[in-house]
Amino acid sequence: MEEGLQQLPGAYPAEIQPVTDNLNRVLRSERAQRERYRNTLSDLAHSLKTPLAVIRGQLENKQHISAESLAHAIDEQVSRMSAIVDHQLRRASAQVTQANRSSSVQVKPLVERLARAMQKVYQSKSVQLRLDIGEHLVFHGDEADLMELLGNLIDNACKYGRHSVAISAQQQGRDLVVSVEDDGPGVEADVQQTILTRGARADTATPGQGIGLAVAVDILSSYGGSIDIFRSKLSGAGFTIRIPN
């Protein structure tokens with residue numbers, strides 16, 4: 001059967017219609033599985049960019065840091081890359097992506113880790129990251145999901161922002177609410193939904209695969225969450241995510 005075949009064409013006698021229906025279900029399932037694998041490869045490549053950039057930055061700056069600090073930084077990022085690969089493989093093999101609510105993750109330490117990594121990646125821009133996150137705020141879900149979700153938002157803020165990024169998080173009723181804001185050019189209203197689509201970007205002049213926000217949307221969907229885009233108080237882009245918690 002050819003690659004682009006959506007279903008068996010033509011009309012068939014009633015006695016073999018059940019067989020035809022089963023084959024069409026197989027075709028749909030196989031097509032969906034191929035799409036998951038393609039998306040996973042894109043997501044994996046995108047997710048590995050940040051830890052690789054941290055390692056590259058540390059190696060380029062190795063004359064200014066101790067051998068012990070360099071080894072620790074590389075080991076931390078290699079561990080993160082291993083976790084990313086495992087996480088993406090699990091997502092690719094799942095027939096239906098569902099949220100894993102069995103774990104509890106402290107939000108502030110995770111965001112602090114991401115902030116330190118981003119400062120290394122964007123050290124040439126001297127981006128200042130300001131955090132306003134409660135000490136005991138908890139996310140009920142997979143740590144890799146939260147790392148991927150917030151990592152994409154913070155990476156975009158550092159990439160498109162000029163000098164400042166603000167990250168805040170709080171519990172509102174049953175929802176975990178996290179906002180990431182920057183002082184960049186912002187996102188025009190007419191492209192706000194476009195940039196949430198896989199592969200789409202509002203600014204093609206800045207290097208990037210344009211899938212980070214789509215990955216965030218995929219993860220949020222598995223938790224029944226949502227994302228809103230707004231004009232930041234820093235005059236740039238603002239993103240707020242809500243996750244039932």
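Here are some notes on the fold, the cavities and a few residues of this predicted model.

1. Let's start with the sheet. Five strands make it up, it is open, and the order reads 2-4-5-7-6 with mixed pairing. Strand 2 (128–133) and strand 6 (226–231) sit at the edges; each has a single partner strand, so one side of each has no neighbour in the sheet. Direction ignored, neighbouring strands here are turned by 15 degrees against each other on average.

2. At the strand 2 edge, the partner is strand 4 (residues 164–172): the two run in the parallel sense and are joined over six bridges. If you want one pair to click on, take Ile133, whose bridge partner in strand 4 is Ala169.

3. Two helices are worth viewing against this sheet. Helix 3 (residues 107–121) lies across strand 2, strand 4 and strand 5 (175–182), and its angle to strand 2 is about 175 degrees. Helix 4 (residues 143–160) lies across strand 2, strand 4, strand 5, strand 6 and strand 7 (237–244). Against strand 5, helix 4 runs at about 20 degrees.

4. Now for empty space. Searching the whole structure turns up two cavities of 30 Å³ or more, and the largest cavity has a volume of about 80 Å³. Its lining consists of His46, Ser47, Thr50, Arg80, Met118, Met147, Glu148, Gly151, Asn152 and Asp155. Helix 1 (17–60) and helix 4 are the elements that give two or more residues to that lining.

5. Which element gives the most to the lining of the largest cavity? That would be helix 4, with five residues. As for character, the lining of the largest cavity divides into two nonpolar, five polar and three charged residues. So helix 4 turns up twice in these notes: as a helix lying across strands of the sheet, and as the top contributor to the lining of the largest cavity.

6. Helix 1 has another residue I'd look at, Gln58. Is Gln58 buried or exposed? Its relative accessible area is 9%, so Gln58 counts as buried. Setting aside residues up to four places away in sequence, Gln58 touches Ile65, Leu70, Ala73 and Lys120.

7. Two serines deserve a look at their backbone. Ser126 is not a glycine, yet its phi is positive at about 55 degrees. You'll find Ser126 in the loop between helix 3 and strand 2, and with 47% relative accessibility it counts as partly exposed.

8. The other serine is Ser235, again a residue other than glycine with a positive phi, near 80 degrees. Ser235 is placed in the loop between strand 6 and strand 7. Its relative accessibility is 49%, so Ser235 counts as partly exposed.

9. Keep Ser235 on screen and bring up Asp183. The C-alpha atoms of Asp183 and Ser235 are 5.4 Å apart in space, although the residues are 52 apart in sequence. Asp183 belongs to the loop between strand 5 and helix 5 (212–222). At 14% relative accessibility, Asp183 counts as buried, whereas Ser235 is partly exposed.

10. What is Asp183 in contact with, leaving aside its neighbours within four places in sequence? The residues are Gly161, Arg162, His163, Ser164, Leu234 and Gly236. Among them, Ser164 falls within strand 4, which covers residues 164–172.

Conventions
Residues numbered from 1 in each chain as written. Predicted model: local features only at pLDDT ≥ 70, side-chain atom pairs only at ≥ 80, totals over all residues. Heavy atoms only, no water. Pairing = 2+ DSSP bridges. Helix = DSSP H or I, 4+ residues; strand = E, 2+ residues; numbered from the N terminus. Axes fitted to C-alpha atoms, helices over the stretch in contact; angles between N-to-C directions. Contact = heavy atoms within 4.5 Å. 1 Å grid on protein atoms, 1.4 Å probe; cavity = no way out; pocket = protein on both sides within 12 Å on 5 of 7 lines; lining within 4 Å. Points joined across faces, edges and corners; volume = space filled by probe spheres on them. Nonpolar A, V, L, I, M, F, W, Y, C, P; charged D, E, K, R; others polar. Buried < 20%, exposed > 50% of the residue type's maximum accessible area, 1.4 Å probe, protein only.
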